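Please open the model in your viewer and keep the sequence panel beside it. The tour below moves from one selection to the next and says what is found at each stop.

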Amino acid sequence: MEINGCSDFAKVKWRRRRRRAVRGSVRRKVKKLQRLIPGGQGLQPDRLFLMTADYILRLRLQVNVLQALSKIYKP
């Protein structure tokens, strides 16, 4: 019997389990990201990714400012 183009039922079951595992893995990573980003709790992934990019840019700007200040006040 052929299911989803696969003749072996065990392969089909394995693929389904694998997809569920991947989905669960992605969900866990999104939840972790929501905890890391200020204001990220409860956001949908598309908004969360936009906020994450914005947060990274702000952190990068802070690093650049601190580096510039350290050069100015270097003894």
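Begin by selecting Arg58 and Asp54, which both lie in helix 2 and are four residues apart, about one turn of the helix. Since this is a predicted model, the distances and areas given on this tour are values computed from its coordinates. With the side chains displayed, Arg58 is seen to form a salt bridge with Asp54, and the closest N and O atoms are 3.2 Å apart. Side chains of opposite charge can pair when their charged atoms come close. The cut-off for such a pair is a nitrogen-to-oxygen distance within 4 Å, and by this rule the count comes to one salt bridge. How exposed are the two partners? Arg58 is partly exposed, with a relative accessible area of 43%, and Asp54 likewise counts as partly exposed, at 40% relative accessibility.

Stay on helix 2, which covers residues 45–72, and move the selection to Pro45, which is found in this helix. Pro45 counts as partly exposed, its relative accessibility being 34%. If you add Arg35 to the selection, ten residues from Pro45 along the chain, the C-alpha atoms of these two residues turn out to be separated by 13 Å.

Next, select Gln34, whose place is in helix 1, a helix that spans residues 9–36. Is Gln34 buried or exposed? Gln34 is buried, with a relative accessible area of 10%, a value that falls under the 20% limit for that class. To see what lies around it, display the residues in contact with Gln34 while leaving aside its neighbours within four places in sequence: these are Gly40, Gln41, Gly42, Leu43 and Leu48.

Now go to Tyr73, which is placed in the segment after helix 2. In contrast to the buried Gln34, Tyr73 is exposed, with a relative accessible area of 66%. Draw a distance from the C-alpha atom of Tyr73 to that of Val22, and you will find 50 Å between these residues, which are 51 residues apart along the chain.

Finally, clear the selection and view the whole chain, which has two helices and zero strands. The radius of gyration of the chain is 22 Å, well over the 11 Å that the globule rule gives for 75 residues, so the chain is more spread out than a compact globule. Turned along its principal axes, the chain has C-alpha atoms that fill a box of roughly 75 × 25 × 15 Å. Among contacts between residues at least 6 apart in sequence, 0% join residues at least 24 apart, and 13% of the 75 residues count as buried.

For a last view, colour the surface by atom type: the accessible surface comes to about 6,800 Å², and 58% of this belongs to carbon and sulfur atoms. Colouring by charge instead brings up 20 positive and 4 negative charges, whose mean positions are 10 Å apart.

Methods: Residues numbered from 1 in each chain as written. Predicted model: local features only at pLDDT ≥ 70, side-chain atom pairs only at ≥ 80, totals over all residues. Heavy atoms only, no water. Rg over C-alpha atoms; globule rule 2.2 N^0.38 Å. Buried < 20%, exposed > 50% of the residue type's maximum accessible area, 1.4 Å probe, protein only. Contact = heavy atoms within 4.5 Å. Areas by Shrake-Rupley, 256 points an atom, 1.4 Å probe, with all protein chains shown as cover. Lys, Arg positive; Asp, Glu negative; His and termini not counted. Charge placed at Lys NZ, Arg CZ, Asp CG, Glu CD.
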